[in-house]
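This tour proceeds by selection: each stop names what to pick in the viewer and then describes what is found there. Please open the structure and keep the sequence at hand.

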Amino acid sequence: MLVAGNSVTRSFPNGTTALAEASFEIRAGEFVSFVGPSGCGKSTMLRMVAGLDMPTSGSVERGDGEVGYVFQDATLLPWRTALGNVVLPLRLAGTKRAEAEERARAALEVVGLAAYADHRPAQLSGGMRMRVSIARSLVQRPELFLFDEPFGALDEITRQDLNGQLDTLMATDPFTGIFVTHSVPEAVFLSDRVLVFSSQPGRIVADLRIDLPRPRPEGLRFSSEYAELCRQVSDALSDAHQKKEAAA
Amino acid sequence: MTALLETQPETRPLTKVPFLRFDPGHGSRTVRWVAPVLTLVIVLGVWTLVSTQLLSPTRQFLLPSPWEVLEAGFLQEAGRTEIFTALWSTTRIALVGLVLAMAIGVFFAIVMSQARWAEASFYPYAVILQTIPILAMVPLLGFWFGYDFTSRLVVCVLHSLFPIITNTMFGIASVDDNLHDQFSLFRASRWQRLIHLQLPAALPAALAGFRISAGMAVVGSIIADFFFRQGQPGIGRLIDTYRQSLDTDLMMAALAASSLVGIVLFLLFGAVLRTVEAHRSPRR
């Protein structure tokens, strides 16, 4: 699915401008990360792609098809089991119970939680809850997958594990993805392209291509190639930050 | 300033680290059971002393001893039958009233949560209704609904309605914004959002409201007994009868019995609430 932002500006009633004239284009099958300091409008941009927010001027466009959205916290319903949560979007869309449950079990299988179908969110760890949340988006077979800092609250090992699972998912069944994160290594690991945002007002200041094989090879995180790409993204980020400091 | 960072040979001896954490003091299980029992024993003791030692025999009818109350109201067949028959009549009205108040309260809470105009139209009057003393409405209700079962039920519903409305509304309003966004992304209809998100999320708050209202329904039912005297007598009317015949022992027994229903309902809703909350939150 193709996604495009055309001169997107978003200002809030309190006078802050989250985004100013930001433009980008994402091709079908591409996985793109938005990185930038807090308050740079990257999450706002993602919400506009999903239809949860509206630009003040400019426009956000996307092709037809199912959209999956994963929030920073798992946003599961605590009174439903893992399976009950994953089934929900299908049931709301009118899918028959038997078919919905079959597809939900398959989605839980993909994230490695088939054995936990009958557990309630309170009985699962933070990482497991996030995987249930991803399964709940997967079950809708989205063509566009939006992630709003989904692994920000998780510990480093769990985070790397989930990064790996997401990479495997992309390699086996490609989809278009947008991933908002604060973490440079995470953005480089997951993405085909990294868009760097500056803050206040948010603009896109760099568009970096990540040419790494997919699925990501074992030990990639310790390669000099990976370190160099991380350095490039970090440099672009500090440039943006310094310009902001200088302007202030 | 470098002197601050300069390392000196440490000569002071090590001491054990003191435990600093503030203990809000819930106490042990034993304390939680023993303390209230102890309070009861002391109160009953003082009561007995006042009744048997301090009051002159001619004035003892003002405060019969705990034993006399127990004997007249619960141990003797006549008193017991009279009190529990009346209590059942009061309880029946309280229960029917509570169920009605729950249905009406939840219905209005849902309606008000679904549209701003509905909230603006009804909520101020729900507040006003709350501020009118129920006793002041008694004569009017008598004119409208008679002096029987119906009027007692109306008093009971009016008296217990408000906490159900406000608690349920609060519960519905407390749904997390992200969950609302998630349902928007699922393209859930208004009805689906209500059934699958708002009502289940509001359940604990609504139950807390029911628990408060349960006690108020019993009180409403007893108040109504005093004024609407046709039909089967309730505990309120019985208390008034005992007042006229100066049967203070029976009166106090009836009073104790009347609190029984409220206590049972309070514990019942509390247990349901704890079960629901334990189901949703991680085990500690």
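## First stop: the three-stranded sheet of chain A

In chain A, begin with the open sheet of 3 strands, whose order is 2-1-4 and whose pairing is antiparallel. The model is a predicted one. Select strand 2 (17-26) and strand 4 (57-62) of chain A: these stand at the edges with a single partner strand each, so one side of each has no neighbour in the sheet. From one strand to the next, the twist averages 20°.

Now select strand 1 (residues 3-11) of chain A together with strand 2 of chain A; the two pair in the antiparallel sense over 6 bridges. For one position in this pairing, pick V8(A), whose bridge partner in strand 2 of chain A is A22(A). Next, add helix 1 (residues 42-50) of chain A, which packs on the sheet and touches strand 1, strand 2 and strand 4 of chain A. The direction of helix 1 makes about 120° with that of strand 1 of chain A.

## Second stop: the six-stranded sheet of chain A

Another open sheet in chain A is formed by 6 strands in the order 5-6-7-3-8-9, with mixed pairing. Which strands stand at its edges? They are strand 5 (67-70) and strand 9 (203-209) of chain A; each has a single partner strand, so one side of each is left without a neighbour in the sheet. Neighbouring strands here are turned by 15° against each other on average, direction ignored.

Within this sheet, select strand 6 (residues 144-148) and strand 7 (residues 176-181) of chain A, which run parallel and are joined by 5 bridges. F147(A) can be picked here, as its bridge partner in strand 7 of chain A is F179(A).

In general, the strands of a sheet pair through backbone hydrogen bonds, in either a parallel or an antiparallel manner.

## Third stop: two loops of chain A

Select R141(A) in the loop between helix 4 (126-138) and strand 6 of chain A. Its phi is near 50°, a positive value in a residue other than glycine. Is R141(A) partly exposed or buried? It is partly exposed, because 13 other C-beta atoms lie within 10 Å.

Move then to the loop between strand 9 and helix 7 (224-247) of chain A, where P215(A) is placed. The peptide bond from R214(A) to P215(A) is cis, with omega near 0°.

## Fourth stop: chain A as a whole

Select the whole of chain A, which has 7 helices and 9 strands. The radius of gyration of chain A is 18 Å, close to the 18 Å that the globule rule gives for 248 residues, so chain A is as compact as a globular protein of that length. The C-alpha trace of chain A spans about 60 × 45 × 30 Å along its principal axes. Of its 248 residues, 41% count as buried. Among contacts in chain A between residues at least 6 apart in sequence, 72% join residues at least 24 apart.

## Fifth stop: where the chains touch

Display both chains: the contact takes 14 residues from chain B and 12 residues from chain A. On the side of chain B that touches chain A, the elements giving two or more residues are helix 8 (177-185) and helix 9 (190-227) of chain B. Helix 8 of chain B gives the most, with 6 residues. By class, this side of chain B has 6 nonpolar, 6 polar and 2 charged residues.

The loop between helix 8 and helix 9 of chain B holds R187(B). Phi of R187(B) is near 55°, a positive value in a residue other than glycine. With 10 C-beta neighbours inside 10 Å, R187(B) counts as exposed.

In helix 9 of chain B, select I195(B). This residue also counts as exposed, because it has 12 C-beta neighbours inside 10 Å. A distance to display is that between the C-alpha atoms of I195(B) and F143(B): these residues are 52 residues apart along the chain, and the atoms are separated by 40 Å.

## Last stop: a helix pair in chain B

Finally, select helix 3 (residues 66-75) and helix 11 (residues 248-280) of chain B, which pack at an angle of about 75° with their axes 8 Å apart. The two helices are therefore roughly perpendicular to each other. On helix 3 of chain B, show E68(B), V69(B), A72(B), G73(B) and F74(B); these meet D249(B), L250(B), M252(B), A253(B) and A254(B) in helix 11 of chain B. By class, this contact has 7 nonpolar, 1 polar and 2 charged residues.

Definitions and conventions. Residues are numbered from 1 along each chain as its sequence is written. Chains are lettered from A and ligands numbered from 1 in the order in which they are written. This is a predicted model: local features need pLDDT of at least 70, side-chain atom pairs count only at pLDDT 80 or more; totals for chains, interfaces and linings use all residues. Axes are lines fitted to C-alpha atoms, for helices over the stretch in contact, and angles run from 0 to 180 degrees between N-to-C directions. Helices (H or I, at least four residues) and strands (E, at least two) are DSSP runs, numbered from the N terminus. Angles under 35 degrees count as roughly parallel, over 145 as roughly antiparallel, 65 to 115 as roughly perpendicular and the rest as oblique. Two residues are in contact if their C-beta atoms, placed from the backbone, lie within 7 Å. Ala, Val, Leu, Ile, Met, Phe, Trp, Tyr, Cys and Pro count as nonpolar, Asp, Glu, Lys and Arg as charged, and the others, Gly among them, as polar. Two strands pair if DSSP finds at least two bridges between them. The radius of gyration is taken over C-alpha atoms; the globule rule is 2.2 Å times the number of residues to the power 0.38. A residue is buried if 20 or more other C-beta atoms lie within 10 Å of its own, exposed if 12 or fewer, and partly exposed in between; C-beta atoms are placed from the backbone.
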